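Work through the exercises below with the structure open. Try each task before reading its solution.

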Amino acid sequence: ENVDPQRTAFLLRKQWTLYSVTPLYRFSNARLRDYARLLSAFIAAEKQKGLAVEVGVELDIKVAVSSLPDLKGSDQDQAAILVQLSSRSPASPKNSEEKLIWSGWFCCVSGDDLSENVPEDFTCLPLFLANGAESYTSIVGNWFQKTFDCCFRRLAISPLHLSWMAAMWTGCKVDKTACAMELVFSVPRLPQPLDISYAIHPEDAKALWDTVQKTPGEITQEEVDVFMDCLYSHFHRHFKIHLSATKLVKVSTAIASAHCDGIIKFLQSQYLTGVLMLLTELAISRIQ
């Protein structure tokens, strides 16, 4: 994968909230500085209404909009777009560093099918990821929706897709000592919420997957089902609990962690575009 680890390091180990975004109308990569200036003015106007700022705190918010050309799966993909909000309190010295308070980025990794089927005036960046206060996410999202006639929707991850992530990421090779694979299940129909955490040694999980996968580099639904059924059987043999009657809500591996609410954390730069390819596919399926 042609990703510069130094340029994408800031994306790792942060909790990102996922959104799907319809194509942007008349968006231009040549006007990123203009967009930063216009978004800054929009945030200032919202601040005057008492929004997006903590009570009693006056913040001077600076907006930066830039391109992340590394995050592409094919030549047809649009370059990822990064939006960053930083601030410096009026009480701080003028030479003090600004503090990054919110980040969000649009991307499309191997989204050729969507790009080929939209009119020329539209830009396809179907996946949006945000890190920071929801109030800023709302304001930035509102500005993009009004400016480019697009629509943002939270992107949840189904138990089926989480099981695919568990299988795919288990089969990936990691240079450093890998952490345990952890699956979290929610038990339904109980008066109080109850989650079951199931941790598997990475080498054991990899050995199991290697016995299940028939063709290296290819994954089928049948293989994912067999892999999960083997894990369920092992758990039932020890604890007499049928995990198949629960709901898979979170998967954590050395590659990434994902929650059904649409929360992702990237842990390995060399697999970043691979994870984004899967998330782009999910985002496109929500808007088609």
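Helices are DSSP runs of H or I with at least four residues, strands are runs of E with at least two, and both are numbered from the N terminus. The model is predicted.

**Exercise 1. Overall fold**

Task: State how many helices and strands the protein has, and decide why it counts as compact.

Solution.
- Step 1. Count the elements: there are 8 helices and 13 strands.
- Step 2. Take the radius of gyration, which is 21 Å. The globule rule gives 19 Å for 288 residues. The two values are close, so the protein is as compact as a globular protein of that length.
- Step 3. Add the box. Along the principal axes, the C-alpha atoms fill roughly 60 × 45 × 35 Å.
- Step 4. Look at contacts with a separation of 6 or more. Of these, 69% join residues 24 or more positions apart.

**Exercise 2. Surface and charge**

Task: Find what share of the residues is buried, then describe the surface and the charges.

Solution.
- Step 1. Of the 288 residues, 44% are buried.
- Step 2. The accessible surface is about 15400 Å². Carbon and sulfur atoms hold 50% of that surface.
- Step 3. There are 28 positive and 32 negative charges. Their mean positions lie 7 Å apart.

**Exercise 3. Two domains**

Task: Give the domain bounds and the distance between the domain centres.

Solution.
- Step 1. Domain 1 covers 5-154, and domain 2 covers 159-260.
- Step 2. Over C-alpha atoms, the centres of domain 1 and domain 2 are 33 Å apart.

**Exercise 4. Positive phi**

Task: Place Ser 110 and Lys 240 in the chain, and classify each by accessibility.

Solution.
- Step 1. Recall the background: most residues other than glycine have a negative phi.
- Step 2. Ser 110 has a positive phi, near 60°. The loop that holds Ser 110 runs between strand 5 (99-107) and helix 3 (112-116).
- Step 3. Lys 240 also has a positive phi, near 55°. Its loop links helix 7 (221-239) and strand 11 (247-252).
- Step 4. Apply the cut-offs: under 20% is buried, over 50% is exposed, and in between is partly exposed. Ser 110 has 32%, so Ser 110 is partly exposed. Lys 240 has 58%, so Lys 240 is exposed.

**Exercise 5. Three residues in regular elements**

Task: For Trp 16, Arg 153 and Ala 44, name the element and decide between buried, partly exposed and exposed.

Solution.
- Step 1. Trp 16 sits in strand 1 (residues 16-21). Its relative accessibility is 0%, so Trp 16 is buried. Leaving out residues up to four places away in sequence, the contacts of Trp 16 include Phe 10, Trp 105, Leu 129, Ile 263 and Phe 266. Val 65 is 49 residues away along the chain, and the C-alpha separation from Trp 16 is 18 Å.
- Step 2. Arg 153 belongs to strand 8 (residues 152-154). At 44%, Arg 153 is partly exposed. Beyond four places in sequence, Arg 153 touches Leu 18, Tyr 19, Ser 20 and Thr 22. Gly 141 is 12 residues from Arg 153 in sequence and 9.8 Å away, C-alpha to C-alpha.
- Step 3. Ala 44 is part of helix 2 (residues 32-48). At 35%, Ala 44 is partly exposed. Asp 60 is 16 residues from Ala 44 in sequence, with 8.7 Å between their C-alpha atoms.

Definitions and conventions:
Residues numbered from 1 in each chain as written. Predicted model: local features only at pLDDT ≥ 70, side-chain atom pairs only at ≥ 80, totals over all residues. Heavy atoms only, no water. Rg over C-alpha atoms; globule rule 2.2 N^0.38 Å. Buried < 20%, exposed > 50% of the residue type's maximum accessible area, 1.4 Å probe, protein only. Contact = heavy atoms within 4.5 Å. Areas by Shrake-Rupley, 256 points an atom, 1.4 Å probe, with all protein chains shown as cover. Lys, Arg positive; Asp, Glu negative; His and termini not counted. Charge placed at Lys NZ, Arg CZ, Asp CG, Glu CD. Domains from an automatic or database assignment.
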